[in-house]
Amino acid sequence: MVMNDCFQFGWGWGWPFGWLIWFAFIILVVLFIVRLTRGPVSQPPRDVGHDSAMTILKERYARGEISREEYLERKKTLEGN
């Protein structure tokens, strides 16, 4: 039985992409090390509750999406008066 020369040296069918696998592996290792050394990624604190609702209301009024009367009515509701 005669075998192709490429199989005798262990290259097989994947040899053209072997360098790509090693390159991807090295990139993953580097990214993992960078991630470990930088620590956890923190998210900026988000406004919750009243502050965020009031901010959204002010933005909508500034963009002209709601009228002055609607703005004042919703502001009064948010302030609890």
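The following exchange concerns a predicted model of one protein chain.

Colleague: What makes up the chain, in terms of helices and strands?

Modeller: The chain has 4 helices and 0 strands. From the N terminus on, the order of elements is α-α-α-α.

Colleague: How many of the residues are buried?

Modeller: Buried residues account for 5% of the 81 residues. The label requires a relative accessible area under 20%. The chain exposes about 7,800 Å², with carbon and sulfur atoms supplying 64% of that area.

Colleague: Why is isoleucine 33 called partly exposed?

Modeller: Its relative accessible area is 47%. Partly exposed covers the range between under 20%, which is buried, and over 50%, which is exposed; isoleucine 33 is therefore partly exposed. Isoleucine 33 is located in helix α2, residues 15–38.

Colleague: Which residues make the nonpolar surface patch?

Modeller: The patch, of about 900 Å², is made by Trp22, Phe25, Ile26, Val29, Val30, Phe32, Ile33, Val34 and Leu36. Membership requires over 30% relative accessible area, and the 47% of isoleucine 33 satisfies that requirement.

Colleague: Why are glutamate 70 and arginine 74 said to form a salt bridge?

Modeller: Their closest N and O atoms are 2.7 Å apart. The cut-off is within 4 Å, so the pair qualifies. Both residues lie in helix α4, 4 residues apart, about one turn of the helix. An α-helix has 3.6 residues a turn, so residues three or four places apart point the same way.

Colleague: Are these two residues buried or exposed?

Modeller: Neither label applies, because glutamate 70 is partly exposed at 27% and arginine 74 is partly exposed at 37%.

Colleague: What makes Arg60, Arg63 and Glu65 a network?

Modeller: Salt bridges link them. Glutamate 65 pairs with arginine 60 at 3.1 Å between the closest N and O atoms, and with arginine 63 at 2.9 Å, N to O. Both distances are within 4 Å, so both pairs count as salt bridges. The structure holds 3 salt bridges.

Colleague: Why is arginine 63 called exposed?

Modeller: Arginine 63 has a relative accessible area of 53%, and exposed means over 50%, so the label fits. Arginine 60, at 26%, is partly exposed, as is glutamate 65, at 44%.

Colleague: How do you know that helix α4 has close to its expected span?

Modeller: Helix α4, residues 68–79, has 12 residues and reaches 16 Å from its first C-alpha to its last, close to the 16 Å expected at 1.5 Å a residue. Glycine 80 follows α4, with a positive phi near 80°.

Methods: Residues numbered from 1 in each chain as written. Predicted model: local features only at pLDDT ≥ 70, side-chain atom pairs only at ≥ 80, totals over all residues. Heavy atoms only, no water. Helix = DSSP H or I, 4+ residues; strand = E, 2+ residues; numbered from the N terminus. Expected span 1.5 Å × (residues − 1). Patch = residues over 30% accessible without salt bridge, like charges linked within 9 Å, V, L, I, M, F, W, Y side chains within 5 Å. Areas by Shrake-Rupley, 256 points an atom, 1.4 Å probe, with all protein chains shown as cover. Salt bridge = Lys/Arg side-chain N within 4 Å of Asp/Glu carboxyl O. Buried < 20%, exposed > 50% of the residue type's maximum accessible area, 1.4 Å probe, protein only.
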